[in-house]
Amino acid sequence: MVTMTSKELFQEKFNTLPQEIKEAIVSVDTFEKLKKISQTYKLLIDKMGILGDETGLVMVGITHPKSYSSNLRNRLGVSGQVAEAITTEVNELIFKPIRASLQKIHGEYKEVEAKKEVYTAPENL
C-alpha cells in the first residue's frame, strides 16, 4: 500500500484546482491579508503559519470550510469567539472572492458562517 505524505497530498490536490484558486494560494496579496489578520489578533509568527496552513487546506479542498473555525480554535489555541472573528475576516478577504471555485471543490460550499458575537481586536498594536 502506498501512502502519501501531507505535502504530496497537498500537491496532488493543488494540481487539480481551478486556476483562480491556484493563483489565490500563491498570491502575495493572500499572504499580506493573512499577515494583517495575524497582526490584528496578535498571532505570533508560528501561529501565522498555522493560520496560513489551515487556510490553504480549505483552499485545496482537504479541509471542509465548516471545519475551519474549530480547526483554528484548536490549532491556534484561541477562544471560540476569536476563532470565529478570524474566520469572518478570512471569509471576507480571502474565501469570498474565490467562492464560486470553492463551491466546485467542496460541493455544496456555503460561506463559512461566523457566530453573531462580535470580537473587537485589541487596539494597542
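**Entry 1: the largest pocket**

I began with the lining of the largest pocket, which by class has six nonpolar, six polar and one charged residues. A reminder to myself: this is a predicted model.

Next I looked up how much space the pocket holds, and the largest pocket came out at about 230 Å³. It is lined by 13 residues, and those closest to its centre are Ile25, Leu34, Gly52, Asp53 and Gly56.

Which helix gives the most to this lining? I found that H4 does, with seven residues. Helix H3 (28-40) and H4 each supply at least two residues of the lining.

**Entry 2: H3 against H4**

Since both helices had turned up at the pocket, I checked how they pack. The axes of H3 and H4 come within 10 Å of each other and cross at roughly 130°. H3 and H4 are therefore oblique to each other. I noted the crossing of this pair as right-handed.

Then I listed the residues that touch. From H3 I wrote down Phe31, Leu34, Lys35, Ile37 and Ser38, and these meet Met48, Leu51, Gly52 and Thr55 in H4. Sorted by class, the contact of H3 with H4 has five nonpolar, three polar and one charged residues.

I was pleased to meet two names again: Leu34 of H3 and Gly52 of H4 are in this contact, and Leu34 and Gly52 are also among the residues closest to the pocket centre.

**Entry 3: H4 against H5**

I moved along the chain to helix H4 (residues 45-60) and helix H5 (residues 68-76), whose axes come within 10 Å and cross at roughly 155°. Why do I call this pair roughly antiparallel? An angle over 145 degrees counts as roughly antiparallel, so H4 is roughly antiparallel to H5. Their crossing is right-handed.

On the H4 side I listed Lys47, Ile50, Leu51, Asp53, Glu54, Thr55 and Val58, which meet Tyr68, Asn71, Leu72, Arg75 and Leu76 in H5. By class I count six nonpolar, two polar and four charged residues in the contact of H4 with H5.

Leu51 and Thr55 caught my eye, as they meet H5 here and also meet H3 in the earlier entry. Asp53 is another familiar name, being in the contact with H5 and among the residues closest to the pocket centre.

**Entry 4: H5 against H6**

My last stop was H5 with helix H6 (residues 80-95), where the axes come within 9 Å and cross at roughly 125°. That makes H5 oblique to H6. Here H5 passes H6 in a right-handed crossing.

I looked up who makes the contact: Tyr68, Ser69, Leu72, Arg73 and Leu76 of H5, with Gly80, Ala83, Glu84, Ile86, Thr87, Val90 and Phe95 of H6. These residues divide into seven nonpolar, three polar and two charged.

A final jotting: Tyr68, Leu72 and Leu76 of H5 meet H4, and Tyr68, Leu72 and Leu76 also take part in the contact with H6.

Note on methods
Residues are numbered from 1 along each chain as its sequence is written. This is a predicted model: local features need pLDDT of at least 70, side-chain atom pairs count only at pLDDT 80 or more; totals for chains, interfaces and linings use all residues. Side-chain values use heavy atoms; hydrogens and water are left out. Axes are lines fitted to C-alpha atoms, for helices over the stretch in contact, and angles run from 0 to 180 degrees between N-to-C directions. Helices (H or I, at least four residues) and strands (E, at least two) are DSSP runs, numbered from the N terminus. Angles under 35 degrees count as roughly parallel, over 145 as roughly antiparallel, 65 to 115 as roughly perpendicular and the rest as oblique. A crossing is left-handed if the near helix is turned anticlockwise from the far one by less than a right angle, and right-handed if clockwise. Contact means heavy atoms within 4.5 Å. Ala, Val, Leu, Ile, Met, Phe, Trp, Tyr, Cys and Pro count as nonpolar, Asp, Glu, Lys and Arg as charged, and the others, Gly among them, as polar. On a 1 Å grid over the protein atoms alone, a cavity is a set of points where a 1.4 Å probe fits but cannot get out, and a pocket is an open set with protein on both sides within 12 Å along at least five of seven lines; lining residues have an atom within 4 Å of a point. Grid points are joined across faces, edges and corners, and a volume is the space filled by probe spheres set on the points.
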